Amino acid sequence: TLFIIEDTTPPSIDTPASDQTVECDGAGNQAELDAWLANNGGAEASDICSGVNWFNDFTGLSDDCGATGSATVTFTAIDDCGNSSTTTATFTIEDTTPPVIDPGASDLTVECDGDGNTSEIDAWLNSAGGAVASDVCGGVTWSNDYDGFTVDCEGISSAVVIFTATDDCGNTST
């Protein structure tokens, strides 16, 4: 009589992998991603006959706005006999931080040239009033709400302009 002991039971996923969302650091959030992958997304598995080895199918992050992205990863627990179980989770890099403006826009006062001071106003508008914006997760574009001058009772023309810095993910600062 031959007595054979087989292991045909896959490992048990005791704790499934968990999604993780992190704020964009502009450098791919590599340390956080590596830690999440090394920890199997927080998954834990056991097997009654042997130890468990982990593998995953991570190949890269999607290319979303700025330096954001995500990856859905399947973590596979394999026992010594080749039986396996899987759990899946998503790692996401998001950008919810608006651009930083420093310095802010400066007022512009010019002497009337009789032709509307178009070149001076255009230069001021195109430079966002001298404001500088930066964003750790991507590029910044400027817009403004300039729609012409109002003239007060003393004949002085003026306009209040709001300059808006928008990052690649749509976050804004004014």
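Colleague: Which residues are linked into a cluster by ring pairs?

Modeller: In this predicted model, Trp-36, Phe-75 and Phe-91 are the residues that ring pairs link into a cluster.

Colleague: Nice place to start! How many aromatic pairs does the structure hold, and what makes the pair of Trp-36 and Phe-91 tilted?

Modeller: The structure holds four aromatic pairs. For Trp-36 and Phe-91, the centres are 5.5 Å apart and the planes make an angle of 45 degrees. Rings pair if their centres lie within 6.5 Å, and the planes of a stacked pair are under 30 degrees apart, those of an edge-to-face pair over 60. The 45 degrees of Trp-36 and Phe-91 fit neither of those two classes, so the pair is called tilted.

Colleague: Which parts of the chain does that pair tie together?

Modeller: Trp-36 belongs to helix 1 (residues 30-38) and Phe-91 to strand 6 (residues 84-94), so the pair ties together parts that are 55 residues apart in sequence.

Colleague: Why are Trp-36 and Phe-91 called buried?

Modeller: The cut-off for buried is under 20% relative accessible area. Trp-36 has 5% and Phe-91 has 0%, so both residues meet the cut-off.

Colleague: What makes the pair of Tyr-146 and Phe-149 edge-to-face?

Modeller: The planes of Tyr-146 and Phe-149 stand at 75 degrees, with the ring centres 5.8 Å apart. An angle over 60 is what edge-to-face asks for, so the name fits this pair.

Colleague: And are those two residues buried, partly exposed or exposed?

Modeller: Tyr-146 has a relative accessible area of 27% and Phe-149 one of 41%. Partly exposed is the class between under 20% and over 50%, so both residues belong there.

Colleague: Phe-149 caught my eye by the largest pocket. Which residues lie nearest the centre of that pocket?

Modeller: Leu-108, Phe-149, Ser-157, Ser-158 and Ala-159 do, out of 24 lining residues. Helix 2 (118-126) and strand 11 (157-158) are the elements that give two or more residues to the lining. The pocket has a volume of about 600 Å³.

Colleague: How do the lining residues divide into nonpolar, polar and charged?

Modeller: There are 13 nonpolar, eight polar and three charged residues in the lining.

Colleague: Let's move to the serines. Why is Ser-50 called buried, while Ser-12 counts as partly exposed?

Modeller: Ser-50 has a relative accessible area of 17%, which is under 20%, so the residue is buried. Ser-12 is at 36%, between the 20% and 50% limits, so the label there is partly exposed.

Colleague: How do you know that Ser-12 makes a polar contact with Asp-14?

Modeller: The two side chains come to 3.1 Å of each other. The limit for a polar contact is 3.5 Å, so the distance qualifies. Ser-12 itself lies in strand 1 (residues 12-15), and beyond four places in sequence this serine touches Glu-44, Ala-45 and Ser-46.

Colleague: Where is Ser-50, and what lies 3.0 Å from a polar atom of the Ser-50 side chain?

Modeller: Ser-50 sits in the loop between strand 3 (44-46) and strand 4 (52-56). The backbone nitrogen of Asp-80 is the atom at 3.0 Å, which is within the 3.5 Å limit, so the pair passes the distance test. Asp-80 is also one of the contacts of Ser-50, along with Asp-7 and Asp-79, once neighbours within four places in sequence are left aside.

Colleague: What is unusual to look at in the backbone, say the phi of Asn-29 and of Asn-40?

Modeller: Phi of Asn-29 is near 50 degrees, and phi of Asn-40 is about 55 degrees. Both values are positive in residues other than glycine. Asn-29 lies in the loop between strand 2 (20-23) and helix 1, and Asn-40 in the loop between helix 1 and strand 3.

Colleague: Why do Asn-29 and Asn-40 count as buried?

Modeller: Their relative accessible areas are 0% for Asn-29 and 11% for Asn-40. Both values are under 20%, so both residues are buried.

Colleague: One last thing: which residues does a cis peptide bond join?

Modeller: Asp-102 and Pro-103, with omega about 5 degrees. Pro-103 lies in the loop between strand 7 (100-101) and helix 2.

Conventions: Residues are numbered from 1 along each chain as its sequence is written. This is a predicted model: local features need pLDDT of at least 70, side-chain atom pairs count only at pLDDT 80 or more; totals for chains, interfaces and linings use all residues. Side-chain values use heavy atoms; hydrogens and water are left out. On a 1 Å grid over the protein atoms alone, a cavity is a set of points where a 1.4 Å probe fits but cannot get out, and a pocket is an open set with protein on both sides within 12 Å along at least five of seven lines; lining residues have an atom within 4 Å of a point. Grid points are joined across faces, edges and corners, and a volume is the space filled by probe spheres set on the points. Helices (H or I, at least four residues) and strands (E, at least two) are DSSP runs, numbered from the N terminus. Ala, Val, Leu, Ile, Met, Phe, Trp, Tyr, Cys and Pro count as nonpolar, Asp, Glu, Lys and Arg as charged, and the others, Gly among them, as polar. Buried means under 20% relative accessible area, exposed over 50%, partly exposed in between (1.4 Å probe, protein chains only). Contact means heavy atoms within 4.5 Å. A polar contact is a pair of N or O atoms within 3.5 Å; within protein, one must be able to donate a hydrogen and the other to accept it, and residues adjacent in sequence count only if both atoms are side-chain atoms. Rings of Phe, Tyr and Trp (its six-membered ring) pair if their centres lie within 6.5 Å; planes under 30 degrees apart count as stacked, over 60 as edge-to-face and the rest as tilted.
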